[in-house]
There are 2 protein chains.
Amino acid sequence: MTDTAPGTASRTPTRRYGTRPTMKDVAARAGVGLKTVSRVVNGEPGVTPDTERRVQEAITALGFRRNDSARILRKGRTASIGLVLEDLADPFYGPLSRAVEEVARAHGALLINGSSAEDPEREQELVLALCARRVDGLVIIPAGHDHRYLAPEMAAGVATVFVDRPAGRIDADAVLADSFGGSRDAVAHLIAHGHRRIGFIGDLPGIHTAAERLRGYHAAMSEAGLPVHDAWVSLGPTDPERVRTAATAMLDAAEPVTALFAGNNRVTVTVVRVLAERPPAAPVALIGFDDFELADLLSPGITVIAQDSAQLGRTAADLLFRRLDGAGGDPRRLVLPTRLIPRGSGELPPPATP
Amino acid sequence: MTDTAPGTASRTPTRRYGTRPTMKDVAARAGVGLKTVSRVVNGEPGVTPDTERRVQEAITALGFRRNDSARILRKGRTASIGLVLEDLADPFYGPLSRAVEEVARAHGALLINGSSAEDPEREQELVLALCARRVDGLVIIPAGHDHRYLAPEMAAGVATVFVDRPAGRIDADAVLADSFGGSRDAVAHLIAHGHRRIGFIGDLPGIHTAAERLRGYHAAMSEAGLPVHDAWVSLGPTDPERVRTAATAMLDAAEPVTALFAGNNRVTVTVVRVLAERPPAAPVALIGFDDFELADLLSPGITVIAQDSAQLGRTAADLLFRRLDGAGGDPRRLVLPTRLIPRGSGELPPPATP
DNA sequence: CCCGGCGCTGACAACGTTGTCCAGGGGCTA
DNA sequence: TAGCCCCTGGACAACGTTGTCAGCGCCGGG
């Protein structure tokens with residue numbers, strides 16, 4: 001289309017809007033071969049300084065930028081990894097996402113991410129879209145419980161690491177926090193401060209971490225020889241209304257709980273609100289799973305089981321890139337420890353029994 | 001390589017690890033032409049139900065998944081947009097990022113994002129990497145002040161919308177919050193409650209929003225006929241140490257400020273901590289720019305200038321896709337309003353003068 | 001002076017998909 | 001029964017890049 005004969009005076013090659021110059025255009029303008037341009041663009045050796053200069057000039061003049069789609073097609077590797085999580089807006093996932101990004105960056109890879117909104121179908125849709133893009137690897141915080149759909153992809157070489165929750169019905173690497181241990185510690189802590197009737201408000205029971213935390217709760221109670229009433233356990237969505245209802249019911253029962261263990265971030269925040277509205281005369285002890293900003297500035301400060309979400313992401317991404325670098329071996333399951341941070345709310349004693 | 005003759009009994013085609021089946025393989029297995037497979041995969045009309053079934057079977061049997069790199073190369077559109085922000089881990093950007101993602105999803109596009117860490121060079125590096133990937137559009141929260149490097153890309157058809165801060169040295173769409181107006185409101189609010197010596201602790205002066213907020217501060221002060229001491233204004237990085245030092249200096253001066261206006265989220269949080277450590281006898285009024293979770297549960301609740309970061313992201317993404325759908329016209333600058341939410345900390349009176 | 005080798009360059013195929021175009025067959029109409 | 005059109009299917013080129021390989025000078029040694 002454009003006249004590329006060397007003699008022609010075409011200082012400003014008129015290009016259609018949306019059409020970008022290619023290596024061919026650069027080559028024509030610089031009066032060199034296609035491959036030479038490729039060599040310059042990729043910093044390969046074997047190009048005379050003078051030739052390189054000519055090519056560079058043509059690149060700048062035309063505003064050429066390599067088309068990575070073509071490059072990827074040719075090379076087979078995309079230098080990008082996918083991250084599928086539940087909700088980017090959740091403060092728990094921000095640092096995790098950022099940590100994965102940093103590791104990716106250190107390996108020269110880009111990060112493509114998406115939110116599953118805790119919907120298994122959407123998770124699958126996203127994951128497969130990423131596979132179609134031929135991401136080199138995947139970090140997944142799973143929403144569903146059946147990941148057999150991933151088997152062909154993994155067999156085809158897509159490295160995959162699950163985070164926060166394990167994969168369902170397939171064998172895959174996973175990096176988890178010690179939900180069970182953390183929860184047992186939390187409840188044991190409340191028991192040590194004299195509580196006997198302890199409520200647990202958690203996430204949907206289908207979510208692995210929620211189930212593990214419930215298990216930790218039961219373990220601590222039974223280790224202390226304490227019974228657990230059905231009414232003391234409430235699992236469900238973490239929207240404020242549900243949590244508010246559950247908490248109120250436990251606190252206003254005939255035999256009210258004297259302490260609450262909140263199964264995650266969002267539950268804790270809602271419980272804090274509920275407690276703030278109640279008479280301060282009868283304070284209720286509270287421990288939350290997950291740390292959150294300003295937890296120490298509330299009065300009382302909120303005692304939490306902290307898990308380092310950035311560390312979780314970093315560990316997962318590291319493992320992913322080790323796999324990509326060829327590390328073999330069976331799928332591994334890494335469990336990161338949690339840490340109880342006492343701040344006051346978890347150390348409140350139960351009210352004196354009448 | 002693999003024997004694809006129809007008669008051969010190859011139920012499990014042995015493929016090299018990392019080699020994926022292509023449409024050619026599917027076509028051979030189904031005994032149809034290449035293009036027919038393409039038609040089935042893309043749901044194009046003109047395929048007999050029987051043929052379609054055969055193709056589908058071959059696809060499942062081989063575990064075929066379309067290679068989007070090749071597709072993109074051929075079609076020219078990537079159905080993906082890039083988002084460059086400062087730090088994914090910052091709670092201000094989580095909802096923004098999520099909102100952009102939702103809009104992208106509604107348009108069938110994927111989101112590739114990266115953090116600039118407030119480093120102009122890294123911003124440029126990221127943006128250009130995204131351009132090389134041929135993203136259809138870009139949403140940028142700029143770190144630098146010179147975006148001329150983007151001109152060739154935009155000329156080549158990459159739609160670009162700046163958010164939170166305008167572009168530098170080029171003309172481009174931008175979606176901003178009303179930093180100036182919000183800040184003026186905040187400071188006027190403090191003045192209305194009797195304050196005369198008001199401190200401002202903000203972000204680096206090079207950041208557009210920081211400069212605008214400072215301007216709002218000055219406007220409110222001068223509209224009230226109040227002088228501004230140099231010692232009352234401190235701009236700089238938002239790390240806790242710097243902010244702590246600045247706040248302490250203003251509060252412990254010979255003529256201490258009686259109220260503080262914090263220029264953003266992170267500054268506010270640090271200031272809250274500083275104030276919490278001081279004697280409660282002489283409370284200091286505080287208004288922060290940006291709302292944050294639990295601001296209402298602190299005592300006193302923290303009065304803030306709220307900007308809806310999700311709305312910011314949604315608006316920007318909407319504008320981006322309108323541009324991608326062909327909406328022309330000059331670059332637009334949209335300014336979203338802010339809202340003062342009184343919660344107590346901004347309504348504290350100054351201590352009685354002796 | 002000739003030959004081997006090395007440093008530089010370019011022609012060409014291939015990556016996997018989609019758009020264009022054409023062929024063959026079957027059904028419908030005149 | 002001839003003619004036409006539509007429906008289905010396939011061959012082929014093109015997208016922009018990179019890997020392979022071959023060619024062309026030029027230099028140094030024999």
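In this predicted model, a backbone N or O atom of M23(A) lies 2.8 Å from a phosphate oxygen of DNA strand D, a polar contact in the sense of a pair of N or O atoms within 3.5 Å (within protein, one must be able to donate a hydrogen and the other to accept it, and residues adjacent in sequence count only if both atoms are side-chain atoms). Because the model is predicted, local features need pLDDT of at least 70 and side-chain atom pairs count only at pLDDT 80 or more, while totals for chains, interfaces and linings use all residues. Residues are numbered from 1 along each chain as its sequence is written, chains are lettered from A and ligands numbered from 1 in the order in which they are written, and side-chain values use heavy atoms, with hydrogens and water left out.

Chain B also reaches DNA strand D, for a polar backbone atom of G33(B) is 2.3 Å from a phosphate oxygen of that strand, and an N or O atom in the side chain of T48(B) is 2.9 Å from a sugar or linking oxygen. In total 24 residues surround DNA strand D, the closest being M23(A), K35(A), R74(A), G33(B) and T51(B), where a residue is near a strand if one of its heavy atoms lies within 4 Å of it. Of the atoms of DNA strand D that come within 4 Å of the protein, sugar and phosphate account for 64%. The surface near this strand divides into 7 nonpolar, 9 polar and 8 charged residues; here Ala, Val, Leu, Ile, Met, Phe, Trp, Tyr, Cys and Pro count as nonpolar, Asp, Glu, Lys and Arg as charged, and the others, Gly among them, as polar. Its largest share, 4 residues, comes from α4(A), helices (H or I, at least four residues) and strands (E, at least two) being DSSP runs numbered from the N terminus.

Turning to DNA strand C, 25 residues surround it, and the closest are G33(A), T36(A), T51(A), M23(B) and R74(B). A backbone N or O atom of G33(A) lies 2.6 Å from a phosphate oxygen of DNA strand C, and a polar backbone atom of M23(B) is 2.7 Å from a phosphate oxygen of the strand. A base is reached as well, since a polar side-chain atom of R74(A) lies 3.4 Å from a base nitrogen of DNA strand C. Helices α2 (34–41) and α4 (68–75) of chain A, together with α2 (34–41) and α4 (68–75) of chain B, each supply at least two residues of the surface near DNA strand C, and α4(B) gives the most, with 4 residues.

Away from the DNA contacts, two features of the backbone deserve a look. The peptide bond from S299(A) to P300(A) is cis, with omega near 0°, and P300(A) is found in the loop between β9 (285–289) and β10 (303–306) of chain A. In chain B, a cis peptide bond joins S299(B) and P300(B), with P300(B) placed in the loop between β9 (285–289) and β10 (303–306) of that chain. A117(A), although not a glycine, has a positive phi of about 55°, and this residue sits in the loop between β2 (110–115) and α6 (120–132) of chain A. Most residues other than glycine have a negative phi, and most peptide bonds are trans.
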